[in-house]
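Have a look at the model below and turn it around a few times. We'll walk through it piece by piece, starting with the overall layout and then zooming in on a few residues.

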Amino acid sequence: MGESKIRLLLIDDQRLFVESLKYVVEARAPDIEVVGLAEDGKEAVRLVDELAPDVVMMDVRMPVMDGVEATRRI
């Protein structure tokens, strides 16, 4: 039976940063799977419900809904 990967959701309003972080994680951590990216807290809440990640890595300052409020809702 194969080992399961840690499912990671990345949230940051700086798209280039979050895409770069995804690339680094995928290249350096074979035991982690980036299951999604979001650009604001509202999208993060929706994706947590949809994708059920094991870990969420979220920026605090974002438009629409900040990371603190999104974390509270999650």
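How many helices and strands does the secondary structure of the protein chain come to? The count is 3 helices and 3 strands, where helices (H or I, at least four residues) and strands (E, at least two) are DSSP runs numbered from the N terminus. Start at the N terminus and you'll meet them in the order β-α-β-α-β-α.

Some ground rules before going on. This is a predicted model, in which local features need pLDDT of at least 70 and side-chain atom pairs count only at pLDDT 80 or more, while totals for chains, interfaces and linings use all residues. Residues are numbered from 1 along each chain as its sequence is written, and side-chain values use heavy atoms, with hydrogens and water left out.

Now for the overall build. Along the principal axes, the C-alpha atoms of the protein chain fill a box of roughly 40 × 25 × 15 Å. The radius of gyration (taken over C-alpha atoms) is 12 Å. That agrees with a compact globule of 74 residues, which would have a value near 11 Å; the globule rule is 2.2 Å times the number of residues to the power 0.38. Of the 74 residues, 34% count as buried. Buried means under 20% relative accessible area, exposed means over 50%, and partly exposed is in between (1.4 Å probe, protein chains only). The accessible surface comes to about 5,100 Å², and 52% of that belongs to carbon and sulfur atoms; these areas come from the Shrake-Rupley method with a 1.4 Å probe, and for residues only the protein chains shown count as cover. As for contacts (heavy atoms within 4.5 Å), take those with a separation of 6 or more: residues 24 or more positions apart account for 63% of them.

Let's zoom in on helix H2, residues 41–51. Which of its residues are buried? They are Gly41, Ala44, Val45, Leu47 and Val48. What covers them includes strand E1 (6–11), strand E2 (32–38), strand E3 (55–58) and helix H3 (67–73). At the N-terminal end of H2, Asp40 acts as a cap, with a side-chain oxygen 3.0 Å from the backbone nitrogen of Lys42. That is a polar contact, meaning a pair of N or O atoms within 3.5 Å; within protein, one must be able to donate a hydrogen and the other to accept it, and residues adjacent in sequence count only if both atoms are side-chain atoms. After H2 comes Ala52, whose phi is positive, near 50°.

Stay with Asp40 for a moment; you'll find this residue in the loop between E2 and H2. Asp40 is buried yet has no salt bridge, and the nearest side chain of opposite charge, Lys42, is 7.3 Å away. A salt bridge here is a side-chain nitrogen of Lys or Arg within 4 Å of a carboxyl oxygen of Asp or Glu. For charge, Lys and Arg count as positive and Asp and Glu as negative, while His and the chain ends are not counted. Leaving aside neighbours within four places in sequence, Asp40 is in contact with Ile11, Met62, Pro63, Val64 and Met65.

Next, look at Asp12, in the loop between E1 and helix H1 (15–28). Asp12 is buried and has no salt bridge, the nearest side chain of opposite charge being Arg15, 9.4 Å away. The side chain of Asp12 does reach the backbone nitrogen of Gln14, at 2.7 Å. Beyond four places in sequence, the contacts of Asp12 include Phe17, Val18, Ala38 and Met62.

Where do salt bridges turn up, then? The count comes to 7. In H2, Arg46 pairs with Glu43 (3.9 Å, N to O), and being 3 residues apart, they are separated by about one helical turn. Arg46 also forms a salt bridge with Glu50, the closest N and O atoms being 2.9 Å apart; these two lie 4 residues apart in H2, about one turn of the helix. Arg46 counts as partly exposed at 44% relative accessibility, and Glu50 counts as exposed at 53%.

Over in H3, Glu69 and Arg72 meet in a salt bridge at 2.5 Å, N to O. They are 3 residues apart, or about one helical turn. Salt bridges that share partners also join Arg15, Glu19 and Glu39 into one network.
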